[in-house]
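Colleague: I should like to take a close look at one part of this model. Please consider the entry below before we begin.

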Amino acid sequence: MMSCRVASLVLLSLLAASSLVAAYYWRRCRALEAELAALRPEVPEIEVSPAPATMGEVIKLPPPVTRGNVSVEEAISRRRSIRSYADKPLSIFHISQLLWAAQGITDPARGFRAAPSAGATYPLEVYVVVGVGGVVGLKAGVYKYDPESHEIRLVVPGDLREVLAEACLGQSWVREAPVDIVITAVYERTTSRYGERGVRYVHMEVGHVGENIYLECVSLGLGCVVVGAFYDDEVARILRLPEGEYPLYVIPVGFPRA
Ligand SMILES: Cc1cc2nc3c(=O)[nH]c(=O)nc-3n(C[C@H](O)[C@H](O)[C@H](O)COP(=O)(O)O)c2cc1C
């Protein structure tokens with residue numbers, strides 16, 4: 001009887017001791033976790049867009065991404081002309097995607113592009129007018145897009161948005177956007193094959209390109225508006241367009257102002 005009582009007492013004491021040890025380790029583990037959390041460094045904001053490979057006259061654009069998070073139907077339904085932009089620069093990734101959507105090569109074997117072209121005569125050229133701080137890592141200036149190499153080349157240095165806005169009858173969104181895309185046409189490339197009817201084809205083509213840019217903007221969380229009201233000769237002079245090349249669209253692009 002006596003030995004049974006002693007055994008129970010020993011068992012109870014062992015149980016009490018083990019719960020004390022367990023409680024101690026539980027508290028110690030929580031304290032260690034708190035210490036480790038305090039030691040963990042702050043995760044810095046990561047710039048996801050790659051920096052330009054070359055910071056010179058010719059800039060190699062990052063390869064275009066052909067999968068996005070927005071369906072074509074959603075992009076069409078959300079597309080709107082946006083004329084007010086946040087004070088936030090674009091990245092070279094945005095420029096790459098926008099130019100690819102406008103005139104990028106989508107069939108390298110045959111040289112076919114993102115937008116259709118009558119007889120694949122490709123009469124359109126694309127420029128980007130970049131403002132000071134408009135694109136991370138790019139100096140201000142007018143850049144011309146080369147679809148074959150997916151590069152842009154600086155053709156006119158300096159921030160030309162102000163004068164471009166004046167040439168667009170003072171439309172403030174041209175001045176305030178971080179960048180303006182300008183689509184020009186060399187009609188001769190198409191009219192030499194189709195005669196006068198080629199003029200109509202060129203105008204249809206610029207519409208396709210404009211819509212592609214609108215939809216790509218939706219996909220990238222950007223906003224734009226196509227501007228057709230401007231003095232042709234003034235825009236041509238600002239961009240230093242060669243003889244026989246004419247501006248058709250000026251397209252301010254930026255992050256929409258909230
Ligand atoms: C050929 C063409 C020329 C345009 N020109 C201008 C323009 O000079 N300035 C402007 O702010 N919007 C211009 N727009 C945009 C229209 O004003 C806009 O598409 C219209 O108000 C309908 O709005 P939404 O694009 O949001 O549907 C133009 C649109 C087209 C198709």
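Which residues does V250 touch, not counting residues up to four places away in sequence?

Modeller: The model is a predicted one. In it, V250 touches L164, C168, V174, D180, V182, V227, F230 and V235, once residues up to four places away in sequence are set aside. V250 belongs to the largest nonpolar core, which has 62 residues, and V250, I181 and I213 are the members that touch the most others.

Two of the residues already named lead to other parts of the model. The first link is V227, a contact of V250 that is also among the residues surrounding the ligand. That shell consists of R80, S81, R83, Q171, V225, V226, V227, G228 and A229, and by character it comprises four nonpolar, three polar and two charged residues.

The second link is I213, a core member listed alongside V250, which takes part in the contact between α3 and α7. Helix α3 spans residues 92-103 and helix α7 residues 197-220; their axes come within 8 Å and cross at roughly 145°, and the crossing is right-handed. On the α3 side the contact is made by H94, Q97, L98, A101, A102 and Q103, and on the α7 side by V209, N212, I213, E216 and L220. Six residues of this contact are nonpolar, four are polar and one is charged.

As for the setting, the chain has eight helices and nine strands, and 35% of its 258 residues count as buried. Among contacts with a separation of 6 or more, 72% join residues 24 or more positions apart.

Key
Residues are numbered from 1 along each chain as its sequence is written. This is a predicted model: local features need pLDDT of at least 70, side-chain atom pairs count only at pLDDT 80 or more; totals for chains, interfaces and linings use all residues. Axes are lines fitted to C-alpha atoms, for helices over the stretch in contact, and angles run from 0 to 180 degrees between N-to-C directions. Helices (H or I, at least four residues) and strands (E, at least two) are DSSP runs, numbered from the N terminus. A crossing is left-handed if the near helix is turned anticlockwise from the far one by less than a right angle, and right-handed if clockwise. Two residues are in contact if their C-beta atoms, placed from the backbone, lie within 7 Å. Ala, Val, Leu, Ile, Met, Phe, Trp, Tyr, Cys and Pro count as nonpolar, Asp, Glu, Lys and Arg as charged, and the others, Gly among them, as polar. A residue is near a molecule or strand if its C-beta atom, placed from the backbone, lies within 6 Å of it. A nonpolar core is a set of buried Ala, Val, Leu, Ile, Met, Phe, Trp, Tyr and Cys residues joined through C-beta atoms within 7 Å. A residue is buried if 20 or more other C-beta atoms lie within 10 Å of its own, exposed if 12 or fewer, and partly exposed in between; C-beta atoms are placed from the backbone.
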